Amino acid sequence: MSKEYQMRAAINQKLIEMGERERLKELLRAKLVECGWKDQLKAHCKDVIREKGLEHVTVEDLVTEVTPKGRALVPDSVKKELLQRIRAFLVQHAAL
């Protein structure tokens, strides 16, 4: 098991234990709705379904098609804010 993997697992565990992971998820949801990301992705899903036909699209196909665009549409400001929150959490709880 790599050192990086162990570090990520430890950070994730601490985020879960302290309830910060849920708070970050809620913040992310709110920010994505606020910036219109959710509406953009919904429109993209409708376009894909229209293009391929409802009978020819599975949920797996839709996820595969939409995921890269969804990730690309997340504004840098949202990514930066989440990263800052995670860093602040880590600094605050470094001794734990």
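Guide: Let's start with contact: heavy atoms within 4.5 Å of each other. With that in hand, Leu62 is a good place to begin: leaving aside residues up to four places away in sequence, Leu62 touches Cys45, Val48, Ile49 and Val57.

Visitor: What should I know about the model itself before I go on?

Guide: This is a predicted model, in which local features need pLDDT of at least 70 and side-chain atom pairs count only at pLDDT 80 or more, while totals for chains, interfaces and linings use all residues. Residues are numbered from 1 along each chain as its sequence is written, and side-chain values use heavy atoms, without hydrogens and water.

Visitor: Which residues make up the largest nonpolar core?

Guide: A nonpolar core joins buried Ala, Val, Leu, Ile, Met, Phe, Trp, Tyr and Cys residues through side-chain atoms within 4.5 Å; buried is under 20% relative accessible area, exposed over 50%, partly exposed in between (1.4 Å probe, protein chains only). Here the largest such core has 9 residues: Leu32, Trp37, Leu41, Val48, Val57, Leu62, Val66, Val74 and Val78. Two or more of them come from each of α3 (37–52) and α4 (59–73), and α3 gives the most, with 3 residues. A second, separate core has 5 residues, among them Leu24, Leu27, Leu82 and Phe89.

Visitor: Where is Phe89 found, and is Phe89 buried or exposed?

Guide: Helices are DSSP runs of H or I, at least four residues long, numbered from the N terminus. Phe89 is found in helix α5, and Phe89 counts as buried because its relative accessible area is 4%. The contacts of Phe89, not counting residues up to four places away in sequence, are with Lys14, Leu15, Met18 and Glu20. Glu20 lies 69 residues from Phe89 along the chain, yet their C-alpha atoms are separated by 8.1 Å.

Visitor: Ser77 is also in α5. Is Ser77 buried or exposed?

Guide: Ser77 is exposed, because its relative accessible area is 52%. You could also compare positions in the fold: Ser77 and Lys42 are 35 residues apart in sequence and 21 Å apart in space, C-alpha to C-alpha.

Visitor: How many disulfides are there?

Guide: A disulfide is a pair of cysteine sulfur atoms within 2.5 Å. By that rule the count is 0. Why does Cys35 form no bond? Because the closest cysteine sulfur, in Cys45, is 15 Å from the sulfur of Cys35, which is too far. Cys45 is likewise in no disulfide.

Visitor: Where is Cys35 found?

Guide: Cys35 is in the loop between α2 and α3. With a relative accessible area of 37%, Cys35 is partly exposed. For a sense of place in the fold, look at Val74: Cys35 and Val74 are 39 residues apart along the chain, with their C-alpha atoms 8.8 Å apart.

Visitor: Which residues line the largest pocket?

Guide: On a 1 Å grid over the protein atoms alone, a pocket is an open set of points that fit a 1.4 Å probe, with protein on both sides within 12 Å along at least five of seven lines, and lining residues have an atom within 4 Å of a point. In this model the lining is Asn12, Leu15, Arg21, Leu24, Lys25, Leu28, Leu82 and Ile86. The elements that give two or more residues to this lining are α1 (3–17), α2 (20–34) and α5 (76–92). The most come from α2, with 4 residues.

Visitor: Can you tell me about one of the lining residues?

Guide: Take Lys25, one of the lining residues, found in helix α2. Lys25 counts as partly exposed because its relative accessibility is 32%. Leu82, also part of the lining, is 57 residues from Lys25 in sequence and 9.4 Å away in space, C-alpha to C-alpha.
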